[in-house]
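Q: Could you take me through one small part of this structure, slowly? I'm new to this and would like a close look at a single piece.

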Protein chains: 4
Amino acid sequence: MRAIELAGGFGLDKLSLVERADPLPGPGQVLVRVRAVALNYRDLLTVNGHYNRRQPLPLVPCSDAAGEVEAVGEGVSRVRPGDRVCSLFAQRWIAGPPSAEKLRWTLGGALDGVLAELVVLSAEGVVATPPHLSDEQASTLPCAAVTAWSALVDEGSVRAGDTVVAQGTGGVSIFGLQLARLLGARVIITSSSDEKLARARELGAAEGVNYRAMPEWGDRVKELTGGGADLVLEVGGAGTFAQSLRAVRPGGQVSVIGNLTGTATEVVLTSILMRRVRVQGILVGSRESFEAMNRAIALHRLRPVIDRVFPLAEARAAFEHMAAAKHFGKIVIRL
Amino acid sequence: MRAIELAGGFGLDKLSLVERADPLPGPGQVLVRVRAVALNYRDLLTVNGHYNRRQPLPLVPCSDAAGEVEAVGEGVSRVRPGDRVCSLFAQRWIAGPPSAEKLRWTLGGALDGVLAELVVLSAEGVVATPPHLSDEQASTLPCAAVTAWSALVDEGSVRAGDTVVAQGTGGVSIFGLQLARLLGARVIITSSSDEKLARARELGAAEGVNYRAMPEWGDRVKELTGGGADLVLEVGGAGTFAQSLRAVRPGGQVSVIGNLTGTATEVVLTSILMRRVRVQGILVGSRESFEAMNRAIALHRLRPVIDRVFPLAEARAAFEHMAAAKHFGKIVIRL
Amino acid sequence: MRAIELAGGFGLDKLSLVERADPLPGPGQVLVRVRAVALNYRDLLTVNGHYNRRQPLPLVPCSDAAGEVEAVGEGVSRVRPGDRVCSLFAQRWIAGPPSAEKLRWTLGGALDGVLAELVVLSAEGVVATPPHLSDEQASTLPCAAVTAWSALVDEGSVRAGDTVVAQGTGGVSIFGLQLARLLGARVIITSSSDEKLARARELGAAEGVNYRAMPEWGDRVKELTGGGADLVLEVGGAGTFAQSLRAVRPGGQVSVIGNLTGTATEVVLTSILMRRVRVQGILVGSRESFEAMNRAIALHRLRPVIDRVFPLAEARAAFEHMAAAKHFGKIVIRL
Amino acid sequence: MRAIELAGGFGLDKLSLVERADPLPGPGQVLVRVRAVALNYRDLLTVNGHYNRRQPLPLVPCSDAAGEVEAVGEGVSRVRPGDRVCSLFAQRWIAGPPSAEKLRWTLGGALDGVLAELVVLSAEGVVATPPHLSDEQASTLPCAAVTAWSALVDEGSVRAGDTVVAQGTGGVSIFGLQLARLLGARVIITSSSDEKLARARELGAAEGVNYRAMPEWGDRVKELTGGGADLVLEVGGAGTFAQSLRAVRPGGQVSVIGNLTGTATEVVLTSILMRRVRVQGILVGSRESFEAMNRAIALHRLRPVIDRVFPLAEARAAFEHMAAAKHFGKIVIRL
């Protein structure tokens, strides 16, 4: 079977298409024929060596796959050959609150990832694909959608009538927009592009704020909401955190769901204290959370937004496309 | 009646003992004869002009009082003359989550405070004093104890078997220690003084960490807890926040309950994100929260820890004592 | 001003249109010119002496009004003359969880009600009317809608993808249907009338179950949901509770929001225990809950379903219409 | 190895000590050498055929064991030979809220139980024994203690200052008393025996109510608490449920944790509705809940209360002792 491998060092030029022996599922495992893989910014960081510098190589990158169960190992009754499934980002986070153990075993580093035609996963580490979605669409769910759902529902308790701010138009933010709409919330999107803001409005955003035209966009959100948003999905980048703290209402929540830069941010803690704000780190979610989200996605026949699909042979181009940061929604590799 | 007034500018030397006309309660108000007032660090900041530079003067400082209802205005049935009561820090925060409106009307700035023999408060803005406490003891509750309770219970859901870290031995931290013990938690105290750590152990702390001897105390907490504390009460000061983030377990909470310095702190947001940590700003709590705490305090006959009591005439010395930061527990002024 | 008064005993024939002196607002009160009043089944029970046999008479019945602030008493800044407002069912339940005190002061008994041209309420006991609603529409909110919202949101935490069962097509159930849809849930409606089920489907119900054709409708819900609904809104009546317990999934909730008969029901507690079901009594909700609901109603421009509007002079006919139990949605009296 | 087997029909006389082949752990399983087994009322019902009439026989009864890991199957890293462990009542309920699937696989029926010298369990289905406890003490935890913890903590959010009522002095109630004390609550115990009430007071109960002397004990609780308890642990029996509903405060919770009789109870639903009471079914809890409880038990060095210990050969006498209902705390069988 073919796979994409990061070997010999970090960097996009260290990615190559290799032939590997077909893996076999052991007891409690499943073999999945991967049909589509979606990229996350974390994958780009990983390949470039910026996510975990001690990541052992070679590594098959990527965490988010959709495909079909090809075979199951001894003792597996949870899924059967032929089932359509998605991968679970944190393979051992089945239910309940996070723990070090649950957060440790993630695909695409620490564990080998899914950018391969065949992968072996724990039988507990897959989720049934919503029937109305193609594999390409379903591949976008494991990290970006679950992260947005977890921020909105598990930790955010967003309900109809609340206002949610999503920053930019990357994968998590667009899912944030779509899922917040399912929950009955009003969504404000920020972007540096009026054209992307127009597309976000078509997806249901009530308002768009161009942060290039309005660098103090936190104040603009305050105006639009009469005092601040209930929840801000903070995906990081220069200076956004301070604006997020301005944008949120007293008693509201800033969900830290990505930090593109990884560098230190200056925070005046009194701005958290004095308005009793909650800053909640979000790192994907449990399998039960994924399944709950899928019930909502299936009921509402939500369609993930795919920016572009690349064939496996052009996987590197897919990464470069992500690096260029021009996308709207998810970037997918078809196998 | 006599009162302490901040007038003519900021600074401890602008505090003076003045004679004012006795106030009268209007409809829906109560007149309270104040017997004791407890200081908070916020009061020192306020007097020095570091809390709110636009604070109109003159101002009667301080928010935390205990005393007796002297008279009630028209239509008041909630309390009666002779009732022993404490002041409510945020006069309009009766119940439910915070809001801008609820957080705005606080005693000792924005509203006039309680360092006076007689004060008029909203009839909704007082709480019955736990019967086993003296007024001096009860005066310590409105800000410091309610803040600790709110962090531990309302936002922290601390339960028996959890581990809580309290920083230093100021008022909020000592209440954090005492209340966390009532809830069945294990408490780790940090301090720069071995003698204070010894006293904290007498009050029920399981462990003490001298942060002078061990500046990387976050790692020490991780060791002591096998992976991190469930909740850290962050009271601020140089460099504590980074250590708090190290000290907390994945999925745990850092309660930001004070920020002595007010200056910006460098935060690497990925440390919040990657371990799914919650950073929760805490600014006192509601009246219902205060009342729930009082039920616990009364049941367990908890005694607040008072460092020293000053007479009204020496109010300035009380502020200076706080500024010296040598205290253990609360500083009280007797009227 | 004119009012409807229950005097001289219980029963619809004891209702009469009377002339009363215009009331005046005292300190902390508002005078509201009532434009519309909505009926609840509780009002019928009250008038017939089945709600509280010790209810002192005369009584102005009804709790749910919408109108305009005509004047405000001393010290009132929360609302102003000209503001459009709805009445708060439990006048002192402003925020937080319920208590005996909060549940005691309800309009239309214990307190005098709102079926009058002018009523005096606490300034804290009114809520701003959603701007897109007429007074007739807004009058339906205080009891029926808030009860449904409280069951779904405050106690039910219903979220997108959940399944909710609403029994019948009375006021609370239709609000349950409409509000559950805003929250992204799937709704199953039960009724004895196929025509009413068809109308419920037009309002967004996914399924309708005719309980006359299918008395064991709990099993039908189980089938339709693959194991049981997440939440059942139990509005009472013969034998529904046992079916509700069958209809709910393990770990799910039955919200007891009405009990038309008031007689004892046989319950096998093991059916609650063995499936870890929650049975949650719901008696309206707080003002903050009402306000949160109004934000959702305003955002989605939800329109309450009104069955029929009666003029004040025909108030008795309105009660008779409710007693006939043929209505779909709310019955309103216009003033 | 020796085991107790229920074979040839239901009834205590169908229990016999048999010799069985030593079982071997398969992949993902552990072999546990059982040292002690604790009885629950459910075990008595099961043996008498009153729990599940379609229970296939032969059956090894009982769910609660403590012992030592003897061997582990392929791929098991969670525990190691020599580890001291307790059994998990619901073998597949690892974390998160309950589901039909999680509640189905319980020991001692549906699954074979633990009253045997050697048992094979899922490696996920055991919990580390708190080090300070003997195996006899630890064997009491899996059902009774976890049920009490789950009612108090997971569903009850009991906190310091709350009042909890525990009915009688059986296993769950005594754990309810002990654990509620760890959480800082005040406990009221009911019993028909003044001597048992005296023993409960020694364990920390604040009050005892003799329900024989005072059949309307719900009203007595109301008096003692000034309006009702926050939480009532309802373990069933004639007429207790109606008293529990009287004993609980408005907005409070009745946890249905046992129903000794299994027969229908008359309930006036309006008594649930009008006081917004929650009736919460509790059927043990998850492994994470068990582990959280063990942290509390270990921290406070809580000792379970054992009524009497029987040798394996006298297992039937142990069941008869339970049937006599004279015990105080748990009945244990030593292996």
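What covers the buried residues of helix 7 of chain A?

A: Keep in mind that this is a predicted model. Let's begin with the helix itself. Helix 7 of chain A runs over residues 217–225, and its buried residues are A:Trp217, A:Gly218, A:Val221, A:Leu224 and A:Thr225. Those five cover an arc of only 120° around the axis, which puts them on the same side of helix 7 of chain A. The general idea is handy here: an α-helix has 3.6 residues a turn, so residues three or four places apart point the same way.

Now for the cover. Among the parts lying over these buried residues are four strands of chain A: strand 8 (163–167), strand 9 (186–191), strand 10 (207–210) and strand 11 (229–234). Helix 8 (240–247) of chain A belongs to the cover too.

And what follows the helix? Right after helix 7 of chain A you'll find A:Gly226, and its phi is positive, near 65°.

While you have chain A on screen, have a look at A:Arg199 as well. Its charged end sits over the ring of A:Phe328, 4.0 Å from the ring's centre. You can find this arrangement in chain C too, where the charged end of C:Arg199 sits over the ring of C:Phe328, 4.0 Å from its centre. If you go hunting for aromatic pairs, though, you'll come back empty-handed: the structure holds zero of them over all chains.

Note on methods: Residues are numbered from 1 along each chain as its sequence is written. Chains are lettered from A and ligands numbered from 1 in the order in which they are written. This is a predicted model: local features need pLDDT of at least 70, side-chain atom pairs count only at pLDDT 80 or more; totals for chains, interfaces and linings use all residues. Side-chain values use heavy atoms; hydrogens and water are left out. Rings of Phe, Tyr and Trp (its six-membered ring) pair if their centres lie within 6.5 Å; planes under 30 degrees apart count as stacked, over 60 as edge-to-face and the rest as tilted. A charge sits over a ring if NZ of Lys or CZ of Arg is within 6 Å of the ring centre and within 35 degrees of the ring normal. Buried means under 20% relative accessible area, exposed over 50%, partly exposed in between (1.4 Å probe, protein chains only). Helices (H or I, at least four residues) and strands (E, at least two) are DSSP runs, numbered from the N terminus. The arc is that of the directions from the helix axis to the C-beta atoms. Contact means heavy atoms within 4.5 Å.
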